[in-house]
Amino acid sequence: MSLVRAVVAVAVGVVISAPVSAQPANSGVIVLKDVRLIDGTGMPPLVHATIVIQDGRIAAIDTGSNPKTPLHAQVYEYSGKTVIPGLINAHGHLGLVSGTENSATAFTHDNVVRELKQYEGYGVTDMLSLGGNRDLVFDLRREQQAGMLGGADIFTAGRGIGAPGGAPPLPLGPDQIDRPTTVDEARADVRSMAAQKVDIIKIWVDDLHGKVPKMKPEVYRAIIDEAHKQHLRVAAHVYALADAKSLVSDGVDVLAHSVRDQFVDEELIAEMKRNRTWYIPTFTVDDSFFIYARHPEWMDTPFFEAAAGPQLAAMLKSASYVAKVNGDPSTAQHEKDFENGQENLKLLFDAGVHIGFGTDSGAMPSRIPGFAEHRELELMVRAGLTPMQAIVCATGKNAELLQAEDRGTLVVGKRADLLVLDGNPLDGITNVHELVSIVHDGQVIRPMASTATPR
Ligand SMILES: [Zn+2]
């Protein structure tokens with residue numbers, strides 16, 4: 001209507017003062033009435049809370065028996081439902097997978113947008129694409145911040161830095177990763193990424209069980225030093241305890257996978273606490289190598305199938321895939337790595353190390369954006385965290401990790417990024433699957449899949 005008015009105004013040559021563009025969709029007032037509120041800080045839930053959302057922010061939280069509802073608000077009666085913050089994935093990847101394959105040509109506008117929408121449709125409102133990005137990611141981030149893209153909010157490490165001939169073992173174009181051969185080249189790579197305003201620097205420090213060259217300590221020391229000079233932090237792909245110790249004592253800011261070759265020890269724990277190093281378990285990495293071959297019941301649910309898509313779902317259920325996994329000598333290694341990782345999360349969490357949340361979703365076809373984050377919550381609980389602790393890692397703590405402190409918790413003034421759930425996730429973490437509605441940046445988003453009872 002306003003567009004028509006503007007056209008008419010131009011045609012007759014008059015000036016009108018009324019705005020010609022539509023109001024942004026998130027400028028309305030939304031009220032969520034009578035919910036159980038898990039706010040992402042770790043505080044016990046508020047019961048019978050009414051949340052007022054205005055201009056994309058939490059404007060008020062009222063736990064009185066007669067909450068005030070602003071005029072013209074869109075009111076949702078949500079008695080008995082639970083609200084948690086939107087999930088934040090601090091280790092994912094965009095544009096590396098096409099269908100059932102990894103591909104160096106998958107980093108396209110359409111494919112990345114599709115992944116961002118899938119994350120969002122499963123309740124993941126923010127994701128950090130931790131390396132392997134083409135420079136297109138910066139255009140997409142700009143478009144998204146201008147409100148033209150939608151989907152999960154992009155945080156990015158840009159290309160990331162690996163050793164020549166080394167990890168990650170993925171088909172990546174030369175414009176998707178830097179592989180410096182000298183300390184000076186490594187520093188130049190960091191400065192180039194700083195100029196692109198990456199959110200963090202990503203490095204890979206892993207020889208993949210002796211199969212490929214590993215980044216040399218003098219190279220990652222230079223990267224960490226240069227990054228800190230540029231006011232950037234460094235997240236490291238890591239596998240082995242010895243590398244984790246070396247990286248942590250050299251000042252790395254985030255270990256972006258579990259330590260899996262052995263159990264963590266007092267020395268690593270003390271050093272991580274001293275340096276305030278973050279730890280992101282990413283159980284999905286190991287789980288995704290073997291879990292589908294066991295055909296758990298959830299593989300036949302729409303909640304899984306909608307994320308996987310028909311092609312990938314059929315592939316992961318096929319007899320040939322099962323035979324391949326069962327015949328692969330590395331499967332037993334992945335199972336052992338997974339269990340070591342589970343043990344290590346509990347040790348580090350109990351010791352008070354800062355624990356984030358990530359999945360490595362999008363790095364390979366079997367690490368499925370959106371679904372993986374729900375699976376990861378389940379696996380953190382399996383490791384011994386309570387549902388509340390796992391939710392806090394994936395929300396409030398992860399916002400701290402990303403230094404995005406305008407989000408992650410549902411308190412007055414923060415962004416209205418939240419999930420409305422039918423069930424109470426404190427009674428069972430898979431109740432997070434019961435998505436009734438998603439609010440992202442104040443806009444109501446329809447879940448892509450849900451186990452909630454249809455209303
Ligand atoms: Zn990764």
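**Exercise 1. The metal site**

What spacing do the donors of the zinc ion follow along the chain? Identify the donors, and then place histidine 91 and aspartate 360 in the fold.

*Solution.* This is a predicted model, in which local features need pLDDT of at least 70 and side-chain atom pairs count only at pLDDT 80 or more, while totals for chains, interfaces and linings use all residues. Residues are numbered from 1 along each chain as its sequence is written, and side-chain values use heavy atoms, with hydrogens and water left out.

Step 1. Donors are N, O and S atoms within 2.8 Å of the metal (3.2 Å for Na, K and Ca), and since water is not among the atoms, sites may look incomplete. By this criterion the protein donors of the zinc ion are His91 (NE2), His93 (NE2) and Asp360 (OD), which lie 2.0 to 2.1 Å from the ion.

Step 2. Along the chain, the donors of the zinc ion have the spacing H-x1-H-x266-D. Distant parts of the chain are linked here, with histidine 91 in strand β6 (residues 87–92) and aspartate 360 in the loop between β15 (354–355) and α12 (371–382), 269 residues apart. Helices (H or I, at least four residues) and strands (E, at least two) are DSSP runs, numbered from the N terminus.

Step 3. Both histidine 91 and aspartate 360 are buried, where buried means under 20% relative accessible area, exposed over 50%, and partly exposed in between (1.4 Å probe, protein chains only).

**Exercise 2. The sheet that contains β6**

Describe the strand order and pairing of the sheet with β6, and find the helix that packs on this sheet.

*Solution.* Step 1. Two strands pair if DSSP finds at least two bridges between them. The order β6-β9-β10 makes an open sheet of 3 strands with parallel pairing, in which β6 and β10 (153–156) are the edge strands, each pairing on one side only. From one strand to the next, the twist averages 20°; axes are lines fitted to C-alpha atoms, for helices over the stretch in contact, and angles run from 0 to 180 degrees between N-to-C directions.

Step 2. Between β6 and strand β9 (residues 124–129), the parallel pairing runs over 4 bridges, and the bridge partner of isoleucine 88 in β9 is aspartate 126.

Step 3. Helix α2 (residues 109–121) packs on the sheet and touches β6, β9 and β10, its direction making about 135° with that of β9; contact means heavy atoms within 4.5 Å.

**Exercise 3. Aromatic pairs**

Classify the pair of phenylalanine 290 and phenylalanine 338 and the pair of tryptophan 298 and phenylalanine 371, and state which parts of the chain each pair ties together.

*Solution.* Step 1. Rings of Phe, Tyr and Trp (its six-membered ring) pair if their centres lie within 6.5 Å; planes under 30 degrees apart count as stacked, over 60 as edge-to-face and the rest as tilted. The whole structure holds 10 aromatic pairs.

Step 2. Phenylalanine 290 and phenylalanine 338 are edge-to-face, at 5.7 Å centre to centre and with 80° between the planes. Because phenylalanine 290 lies in helix α8 (residues 283–290) and phenylalanine 338 in helix α11 (residues 330–351), the pair ties together parts 48 residues apart in sequence. Phenylalanine 290 and phenylalanine 338 are both buried.

Step 3. The ring centres of tryptophan 298 and phenylalanine 371 are 5.1 Å apart and the planes stand at 40°, so this pair is tilted. Since tryptophan 298 lies in the loop between α8 and α9 (302–317) and phenylalanine 371 in helix α12, the pair ties together parts that are 73 residues apart in sequence. Tryptophan 298 counts as buried at 18% relative accessibility, and phenylalanine 371 is buried with a relative accessible area of 5%.

Step 4. One aromatic cluster is formed by Tyr122, Tyr292, Trp298, Phe303, Phe304 and Phe371.

**Exercise 4. Backbone details**

Locate the cis peptide bond before proline 168, and describe the phi values of leucine 208 and threonine 282.

*Solution.* Step 1. Alanine 167 and proline 168 are joined by a cis peptide bond with omega of about 0°, and proline 168 sits in the loop between β10 and α4 (183–195).

Step 2. Leucine 208, a residue other than glycine, has a positive phi near 50°; its place is in the loop between β11 (201–204) and α5 (217–229).

Step 3. Threonine 282 is likewise not a glycine, and has a positive phi of about 45°. Threonine 282 lies in the loop between β14 (278–279) and α8, and is buried with a relative accessible area of 1%.
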